[in-house]
Amino acid sequence: MKNLEIARVFMEIADLLEIKGENPFRIRAYRRAAQNLEGLTRDIAEEAGKGTLEGIPGIGKDLAKKIDEYLKSGVVEFYERLKEEIPEGLLDLLAVPGVGPRTAKLLYERLNIQGLDELEKMAREHKLKDLPGLKEKTEENILRGIQLIKSGRERMHLGLAYSLADEIISTLKSLPEVKQISPAGSLRRMKETVKDIDILIVSSRPAEVMEVFVNLPLAGEILARGETKSSIRTREGTQVDLRVVEPECFGAALAYFTGSKAHNIRLREMARKKGLKVNEYGIFKEKSGQKIAGKEEADIYQTLNLPFIPPELREDLGEIEAARKGNLPSLVSPKQIRGDLHVHSKWSDGAHSIEELARAARKIGYEYVAVTDHSQSLGIAGGLKEKDLLKQIDEIGTINRKLKGFRLLTGTEVDIRGDGSLDIADELLARLDVVVAAIHSGFKQGKEKLTKRMVRAIKNRYVNIIAHPSGRLLGEREAYELDWEEVMREARKNRTALEINAYPQRLDLNDIRCRQAKELGLSLAISTDSHTINQFGTMNLGVATARRGWLEKKDIINTLPLPQLIKKVSKPV
Ligand SMILES: [Zn+2]
Ligand SMILES: [Zn+2]
């Protein structure tokens with residue numbers, strides 16, 4: 001399907017138009033169309049064939065023509081012309097915090113800056129501070145932002161790594177020559193960012209598997225090719241290593257290549273004390289060299305008198321001590337999730353109708369979903385006025401009467417204003433099933449003010465959940481400063497849950513904060529913040545983050561069956 005390709009073209013057109021300073025409505029139309037294409041479950045080429053492109057929300061005559069053009073020729077002339085007018089590197093500049101389209105244009109026109117490297121150089125030489133609207137403080141921010149983007153390029157976020165590995169693994173798995181296959185490394189530990197992808201297999205005919213691997217359509221470059229190990233770099237620049245191991249060593253190799261290094265060092269120390277040696281081939285008696293385990297990963301742990309330690313915990317952050325004492329947590333699993341408590345519909349900036357959301361959620365086996373569109377302060381995200389929210393409550397009621405075995409919950413993602421007040425009146429909040437509150441602006445207020453602001457929202461008796469509590473965006477924006485102890489203490493006192501936002505660039509709270517929250521006795525919600533139905537699938541990334549934070553079923557409110565959940569979020573009267 002070309003849906004995503006075309007969505008990307010529209011997104012870039014919007015950025016380019018923004019740099020040119022064009023009409024904001026026109027820019028928004030491109031963004032909206034791109035998002036609807038991303039969320040479209042049908043093949044765009046089929047729609048074009050049937051002549052029904054204009055039936056897709058946000059696609060008018062003009063955009064339908066551009067889609068047709070792309071499907072026929074592989075290019076959109078208008079887009080190509082824009083790219084000739086504006087150097088492509090300028091688009092990279094927009095990713096730097098503090099650099100909007102106006103600044104990007106200025107940087108280009110006054111200093112002929114056309115990309116990140118030039119911007120970095122100029123900032124270091126203090127050449128930006130004389131530009132109107134840019135101060136020395138901004139230079140510092142710009143340098144920090146560039147650092148963040150560059151580190152983001154070196155490590156991709158888990159969501160990307162996961163789907164890339166999934167694609168490769170499912171292709172290889174379908175080969176009859178592949179007997180066993182598993183990802184390893186930081187991906188298997190589900191770390192929030194991943195540098196390269198490691199895959200292990202057992203195969204009867206390794207050479208043939210390697211042949212398929214190095215010729216995968218996504219392979220851009222072959223870095224190494226051998227009988228037991230090959231490496232490729234994908235077109236997008238990610239290194240993927242494939243290793244073939246003997247069946248009787250698979251478990252040992254899996255443990256070895258999954259790491260972490262620190263965890264494995266601890267295992268080796270424990271083995272040594274027992275007169276044993278662990279390596280990627282198995283566990284051996286040190287004196288005689290006799291092999292005693294290696295086929296199954298669990299056997300390695302068993303030999304050391306430990307229960308199996310889930311990969312997400314293998315960081316040497318206390319998991320070995322807990323395992324020894326029989327205190328390992330029974331980690332929450334994706335199957336235990338019964339619903340999603342943060343989802344956007346077409347009423348604000350989502351791509352689908354409420355009914356479509358409900359049907360898709362029921363199909364994946366959920367019992368409930370809370371519709372939490374933005375509130376009025378978030379004009380750019382189509383935030384709802386109070387009277388529209390009232391209408392939405394009615395519509396949800398109507399749909400609920402039609403649905404069997406599933407319940408839509410009314411809700412909002414209410415904006416926490418600069419002073420910590422909310423932009424929906426308490427009387428209306430009281431009528432909603434689920435109230436999610438979030439900070440979307442004023443990230444630079446400073447620790448004290450931000451903490452106060454957050455705590456005021458937490459104390460509101462109608463707020464159930466604080467969404468994406470740290471505000472970070474991986475590779476783009478650092479978390480804002482908060483006094484976390486204070487925030488978490490108040491959250492517990494007021495029985496407000498904190499969210500683990502599963503959106504791949506957020507994963508917010510992160511693993512460390514999850515564990516801190518658990519230690520302080522808080523409740524958490526794992527939510528996808530979906531803007532399209534496809535994004536429901538990111539729930540597993542949120543669950544992985546929770547697992548890395550040692551969280552169990554009882555810590556997560558959306559593992560509760562509907563009646564208990566309703567009780568949990570019910571409003572005081
Ligand atoms: Zn939000
Ligand atoms: Zn949201």
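What percentage of the 573 residues of the protein chain count as buried? The share is 53%. Keep in mind that this is a predicted model.

**Select the whole chain.** Show it as a cartoon. You should find 24 helices and 17 strands. The radius of gyration is 26 Å, close to the 25 Å from the globule rule for 573 residues, so the chain is as compact as a globular protein of that length. Align the view to the principal axes. The C-alpha atoms then fill a box of roughly 75 × 60 × 55 Å.

**Switch on contacts.** Take the contacts in the chain with a separation of 6 or more. Residues 24 or more positions apart account for 67% of them.

**Switch to the surface.** The accessible area comes to about 27000 Å². Carbon and sulfur atoms hold 49% of that area.

**Colour by charge.** There are 94 positive and 86 negative charges. Their mean positions lie 5 Å apart.

**Select residues 24–39.** This is helix α2. Put a distance between its end C-alpha atoms: 23 Å. At 1.5 Å a residue, 16 residues should span 22 Å, so the two values agree.

**Stay on α2 and show side chains.** Which residues of α2 are buried? They are Ile27, Tyr30, Ala33, Ala34, Gln35, Asn36, Leu37 and Gly39. Look down the axis as you check them. An α-helix has 3.6 residues a turn, so residues three or four places apart point the same way.

**Add the cover.** What covers these buried residues of α2? Select α1 (3–20) and α3 (44–50), then α4 (61–73) and α5 (77–85); the cover includes these four helices.

Notes
Residues numbered from 1 in each chain as written. Chains lettered and ligands numbered in written order. Predicted model: local features only at pLDDT ≥ 70, side-chain atom pairs only at ≥ 80, totals over all residues. Heavy atoms only, no water. Helix = DSSP H or I, 4+ residues; strand = E, 2+ residues; numbered from the N terminus. Rg over C-alpha atoms; globule rule 2.2 N^0.38 Å. Buried < 20%, exposed > 50% of the residue type's maximum accessible area, 1.4 Å probe, protein only. Contact = heavy atoms within 4.5 Å. Areas by Shrake-Rupley, 256 points an atom, 1.4 Å probe, with all protein chains shown as cover. Lys, Arg positive; Asp, Glu negative; His and termini not counted. Charge placed at Lys NZ, Arg CZ, Asp CG, Glu CD. Expected span 1.5 Å × (residues − 1).
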